[in-house]
Amino acid sequence: MTEQRLPEWADPSVSPAHLDAQGVSRRQLLRRAGLFGAAFALGPSVTPAFAASDRGLGGHDPRLAYLVGDHHVHSVYSHDAKYTFSQQARAAARYGLDWMVFNEHSNFGHAHYGAALEHQEILEARAQNPRQLIFQGLEWYIPAAEHCTVFAAPGAHEVDLLTQFELAYDGKLLGYTEGSAGATDTARNEAHAVKAIQWLAEQRRSGYVDDVLVLANHPLRLGIDSPHEMRNWRDAAPEIMIGMEGAPGAQGAALPGRRGSTSIRGEYENKPSAQSWAGYPADAYLTYGGFDWATATVGGLWDAMLAEGRLFTITTNSDNHRTVFDTWKNGDWPAGQNFDNTGRLPDPVNTDTPQPGSDFWPGEFSRTHVGVTRYGYRAVMEGLRAGRVWLDHGHLLDGLDVRVKRDRDGGRGVTLGGRLRVRKGEKITLYVTVTTASRANPQGILPELAHVDVIRGAVRGPVTDRDTWKAPDTKVVHTKDVSGRRGTYTLRVPLTVGDESFYVRLRGSDGNRHGAGYLGASVDPHGPIPHEPGNGDPWADTWFYSNPVFVDVVR
């Protein structure tokens with residue numbers, strides 16, 4: 001599919017930041033582009049003003065529109081899901097998703113039959129509705145660890161890549177699941193996971209596929225993704241293994257009265273096992289405001305990776321298998337058929353009676369926003385790789401634009417995932433443009449943002465101990481109470497430039513549930529906290545997170 005550049009904005013009186021933050025901007029661009037009609041330029045760039053001595057300093061990123069998506073959706077082509085491909089695609093369209101990844105579980109039936117059948121449905125859907133960007137993916141059982149999303153750009157070999165990968169590198173299919181410390185096969189299995197990512201990188205380099213990405217799913221649900229494994233995957237091919245779920249799916253798991261008194265958002269109801277990495281505390285197996293402990297802990301594992309000075313993107317998604325409050329059940333197998341010999345579950349049957357479920361439909365609750373300069377599959381993948389990503393739950397915001405720039409420069413500065421080069425002592429400012437929710441979310445609630453937190457961490461370079469999960473110099477450095485503010489507004493936060501390079505990232509919530517962060521109030525005075533088991537209404541505890549912006553201090 002041809003990718004189209006975004007249209008030039010018609011009203012020159014509206015600032016670029018305001019346009020970037022508008023929740024309706026992507027719909028405006030589609031209308032003005034005639035639904036992928038003629039290609040449009042973004043409009044004239046503003047050339048940064050700098051003296052000759054400043055060459056190489058500062059930074060200038062393009063104007064962006066944000067496309068909303070979900071990289072973790074299951075259908076009847078997964079052995080433990082329920083819905084047809086078309087049910088999921090229609091739900092995604094209903095809840096406003098621009099892009100989605102069908103991320104079916106690895107299985108011999110899937111590899112031999114299901115992947116090809118699903119591919120035919122995806123090709124038909126792409127042809128019938130080019131407004132919906134539908135990727136084919138795979139939920140990889142990582143050797144010695146848990147799960148990853150693997151997905152490729154559309155092309156002649158996308159399904160062949162996935163099936164080759166599934167048969168050659170999937171931990172479940174190979175029996176490479178052992179990951180206990182000191183166990184006989186653990187080192188071999190961990191090495192095979194690294195080889196898998198390197199193999200994907202080679203397929204991209206060779207041109208066999210145009211692009212391929214990997215994201216770790218629900219990393220702390222079982223505690224079997226150790227810090228050193230995550231670093232090893234990233235380092236094997238950072239252009240391929242780009243990040244992790246900051247918040248898992250299954251966000252409806254702890255709705256009161258649904259799954260019992262021990263249920264936790266995200267289905268994070270596990271305890272350490274022999275397979276778990278021993279260095280994680282017991283509290284790591286919970287979600288905090290619906291977010292994985294690795295992300296939600298200021299100064300925790302995500303920050304420890306960012307403090308090395310390397311981007312590691314976070315996402316959120318539905319992981320949809322079985323939607324809360326729906327009335328569908330799996331259909332019955334015809335005689336002689338099963339998943340292993342068909343690669344596909346029977347179509348579901350509507351019972352008119354509520355069925356068990358933990359998930360929301362794609363886009364109903366969890367949204368990943370990716371900044372792009374054109375509309376298309378490669379653009380979404382490039383935006384994810386560049387880290388131009390922010391996430392929200394419960395449709396908390398319509399829009400968010402983040403820029404860091406030197407006060408002496410013109411232009412728009414550097415945005416999420418980017419790097420600003422400065423000298424010690426220079427004056428720089430963080431600009432956060434928020435567009436608040438303008439309509440009720442699918443639960444009928446008009447969300448209200450209560451506060452915005454600026455989190456800052458020092459960049460110290462690669463760590464000696466690859467199992468460290470703490471970043472002791474990361475903390476909340478600024479909080480802005482924005483209760484009652486509506487529409488679009490910009491927060492301006494001066495940032496001090498000292499001797500060390502650093503990064504800043506953002507977080508905010510509806511203010512309904514917070515307390516001292518996991519590493520203490522001096523680090524995070526009002527962070528997300530776990531809910532009482534069985535009483536975790538996700539609509540009453542919603543947050544947004546952004547990727548970081550790096551500030552590199554040059555001598």
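Trainee: What percentage of the 555 residues in the chain is buried?

Mentor: Buried residues make up 61% of them. Buried means under 20% relative accessible area, exposed means over 50%, and partly exposed lies in between, with a 1.4 Å probe and protein chains only. This is a predicted model, in which local features need pLDDT of at least 70 and side-chain atom pairs count only at pLDDT 80 or more, while totals for chains, interfaces and linings use all residues. Residues are numbered from 1 along each chain as its sequence is written, and side-chain values use heavy atoms, with hydrogens and water left out.

Trainee: What makes the chain as compact as a globular protein of that length?

Mentor: The chain has 12 helices and 24 strands, which are DSSP runs numbered from the N terminus (helices H or I, at least four residues; strands E, at least two). Its radius of gyration is 23 Å and the globule rule gives 24 Å for 555 residues; the two are close, so the chain is as compact as a globular protein of that length. The radius is taken over C-alpha atoms, and the rule is 2.2 Å times the number of residues to the power 0.38. Along its principal axes, the C-alpha trace spans about 75 × 55 × 50 Å.

Trainee: How many of the contacts between residues at least 6 apart in sequence join residues at least 24 apart?

Mentor: The share is 80%. Contact means heavy atoms within 4.5 Å.

Trainee: Why is glycine 343 called buried?

Mentor: Its relative accessible area is 0%, which is under the cut-off, so glycine 343 counts as buried. Glycine 343 sits in the loop between α11 (339-342) and β12 (349-350). Leaving aside neighbours within four places in sequence, its contacts include Val76, Tyr77, Gly109 and His110. The C-alpha atoms of glycine 343 and serine 78 are 7.9 Å apart, although 265 residues separate the two along the chain.

Trainee: How do you know that asparagine 217 is buried?

Mentor: Asparagine 217 has 0% relative accessibility, so the cut-off places it among the buried residues. Asparagine 217 belongs to strand β6 (residues 212-217).

Trainee: What makes its link to glutamate 139 a polar contact?

Mentor: A polar contact is a pair of N or O atoms within 3.5 Å; within protein, one must be able to donate a hydrogen and the other to accept it, and residues adjacent in sequence count only if both atoms are side-chain atoms. The side chains of asparagine 217 and glutamate 139 are joined at 3.1 Å, so the distance passes. Asparagine 217 also has a side-chain polar contact of 3.2 Å with threonine 149.

Trainee: Is serine 366 buried or exposed, and how do you know?

Mentor: Serine 366 has a relative accessible area of 5%, so it is buried. Serine 366 is placed in strand β13 (residues 366-372). Its side chain makes a polar contact of 3.4 Å with the side chain of histidine 393. Beyond four places in sequence, the residues that serine 366 touches include Gln251, Thr316 and Asp392.

Trainee: Why is threonine 488 called partly exposed?

Mentor: Its relative accessible area is 28%, which lies between the two cut-offs, so the middle label applies. Threonine 488 lies in strand β21 (residues 488-495), and its side chain makes a polar contact of 2.8 Å with the side chain of threonine 435.

Trainee: What makes aspartate 352 exposed?

Mentor: Aspartate 352 has a relative accessible area of 64%, which is over 50%, so it is exposed. Aspartate 352 is in the loop between β12 and β13, and its phi is near 65°, a positive value in a residue other than glycine.

Trainee: What makes the second largest pocket a pocket, and what is its volume?

Mentor: On a 1 Å grid over the protein atoms alone, a pocket is an open set of points where a 1.4 Å probe fits, with protein on both sides within 12 Å along at least five of seven lines; lining residues have an atom within 4 Å of a point. Grid points are joined across faces, edges and corners, and a volume is the space filled by probe spheres set on the points. The second largest pocket has a volume of about 260 Å³. Of the 20 residues that line it, the closest to its centre are Arg221, Glu267, Asp319, His321 and Asp359.

Trainee: Why is glutamate 267 called partly exposed?

Mentor: Glutamate 267 has a relative accessible area of 30%, so it falls between the cut-offs. Glutamate 267 is in the loop between β7 (241-247) and β8 (287-288).
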